[in-house]
Amino acid sequence: MHWIYIVLIFAPVVMGEIHFGACPSIEDSIVSLPSLEAYMGRWYSIEMMPAVWDRGFSCVFAEYTLVSGENGTYVNVNNTGYKDGHYVYALASAVQNYPPLAAFTVTFDNSLVTPDSGPNYFVLTLDPSVYAVSYDCDPLLGTVGAENSFLFSRKPTLSPDIVESIKANLTAIGIDVSKFQITDQTNCS
């Protein structure tokens, strides 16, 4: 029985926010992304449902670059944020598992967490020139999950009307948007 408490205590540290109840069914909400090029470039975090490694950062952005190599095409990921007086980054690679669905397996360099065999990053809302929302919820014990989500924008700010509309759509599919935290994008250079 004690192992259940250990999982509940450490899951948000490893994966993200704790979600009680079954993870939301998002399969019908994953957007189509027929051209990876449209998703490439810089995305600023407007709000996030952070994992422990995301907490306390400001000026957070992700830079996606398309790479073609001997193992095929993949996305080079550079997640960057400002904390304790300097910028910190996390590098990863992402593979689009089921084109054109925006479902990716993201593997971080030097990570202690190994991704499952399937996708662990899903784009649920997308206007490639304005905003995107990523989401994942990993079931831990059947009725408990660890979730992680980002609301991104092509600019460091996003209209409050758009943010509220996106959150209403996420709420409609069962995502608890009250867990989102605003990312400070002021005084970034």
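**Close-up views of strand 9 and the second largest pocket**

**View A. Both faces of strand 9 are covered in this predicted model.** On one side, Val 144, Ala 146, Asn 148, Phe 150 and Phe 152 are buried; on the other, Gly 145, Glu 147, Ser 149, Leu 151 and Ser 153 are buried as well. In a regular strand, side chains point alternately to the two faces of the sheet. Strand 9 spans residues 144-153, and ten of its ten residues are buried, that is, each has under 20% relative accessible area.

**View B. Strand 9 pairs with strand 8 in the antiparallel sense.** Strand 8 comprises residues 131-139, and nine bridges join it to strand 9. Within this pairing, Pro 139 stands opposite Gly 145 of strand 9. Gly 145 is itself among the buried residues of View A.

**View C. Strand 2 also pairs with strand 9 in the antiparallel sense.** Strand 2 covers residues 41-49, and its pairing with strand 9 extends over five bridges. Here Met 48 stands opposite Phe 150, a buried residue on the side of strand 9 that also carries Val 144, Ala 146, Asn 148 and Phe 152.

**View D. The second largest pocket holds about 240 Å³ of space.** Its lining consists of 16 residues, of which Ile 26, Glu 27, Phe 122, Asp 136 and Cys 137 are the closest to the centre. Strand 8, the partner of strand 9 in View B, gives the most to this lining, with five residues. By class, the lining divides into twelve nonpolar and four charged residues, with no polar ones.

How values were computed. Residues are numbered from 1 along each chain as its sequence is written. This is a predicted model: local features need pLDDT of at least 70, side-chain atom pairs count only at pLDDT 80 or more; totals for chains, interfaces and linings use all residues. Side-chain values use heavy atoms; hydrogens and water are left out. Buried means under 20% relative accessible area, exposed over 50%, partly exposed in between (1.4 Å probe, protein chains only). Helices (H or I, at least four residues) and strands (E, at least two) are DSSP runs, numbered from the N terminus. Two strands pair if DSSP finds at least two bridges between them. On a 1 Å grid over the protein atoms alone, a cavity is a set of points where a 1.4 Å probe fits but cannot get out, and a pocket is an open set with protein on both sides within 12 Å along at least five of seven lines; lining residues have an atom within 4 Å of a point. Grid points are joined across faces, edges and corners, and a volume is the space filled by probe spheres set on the points. Ala, Val, Leu, Ile, Met, Phe, Trp, Tyr, Cys and Pro count as nonpolar, Asp, Glu, Lys and Arg as charged, and the others, Gly among them, as polar.
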